[in-house]
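Here's a quick walk through one chain, from charges to core. Have a look at the model first, then read on.

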Amino acid sequence: MNTDKIYAEAIANEYAPKKTSKVIALKKLDRKAKLPAEVFAYSLGIVASLILGAGMCLSMKVIGNGSTFSFVIGIIIGMIGLTGVGINYPIYRKIRENGKQKYASDIMMLANEISTED
């Protein structure tokens, strides 16, 4: 087995021009439709979880001065975080549905082309 030849072919394939297929284009369109919803969901989820955690820490006297005021503020901040966590999935679904509608005609057209090819 000539490992030098295999290595040389692997490098040559890496630099060879890539032919994009319709399936790859379909995957890219699908990803383009879904990516904004995923980015939003992860971002809001992280922020809302951090807010919820900060509220919990305040209400449990882990941070702050341990006063009743800190406790009440911690509860309020925690509820804001819980609200963010609670609305994250419905907003994600709406954004994803909008993205799918936006690219539906292109995806359906390309999928039909792929399925009717011989």
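## Charges and ground rules

Count up the charged side chains and you get 15 positive and 10 negative, with the centres of the two sets 11 Å apart. Lys and Arg count as positive, Asp and Glu as negative, with His and the chain ends not counted; each charge is placed at NZ of Lys, CZ of Arg, CG of Asp or CD of Glu.

This is a predicted model, where local features need pLDDT of at least 70, side-chain atom pairs count only at pLDDT 80 or more, and totals for chains, interfaces and linings use all residues. Residues are numbered from 1 along each chain as its sequence is written, and side-chain values use heavy atoms, leaving out hydrogens and water.

## Overall shape

Along the sequence the pattern is α-α-α, so to speak in DSSP terms: helices are H or I runs of at least four residues, numbered from the N terminus. The radius of gyration, taken over C-alpha atoms, is 25 Å, well over the 13 Å that the globule rule (2.2 Å times the number of residues to the power 0.38) gives for 118 residues, so the chain is more spread out than a compact globule. Its C-alpha atoms fill a box of roughly 75 × 45 × 20 Å along the principal axes.

## Burial and core

Just 19% of the 118 residues count as buried, meaning under 20% relative accessible area with a 1.4 Å probe, protein chains only.

The largest nonpolar core (buried Ala, Val, Leu, Ile, Met, Phe, Trp, Tyr and Cys residues joined through side-chain atoms within 4.5 Å) has 5 residues: Leu-29, Ala-33, Tyr-103, Ile-107 and Leu-110. Both α2 (22-59) and α3 (68-116) supply at least two of them, and α3 gives the most, with 3 residues.

Conventions:
Helices (H or I, at least four residues) and strands (E, at least two) are DSSP runs, numbered from the N terminus. Buried means under 20% relative accessible area, exposed over 50%, partly exposed in between (1.4 Å probe, protein chains only).
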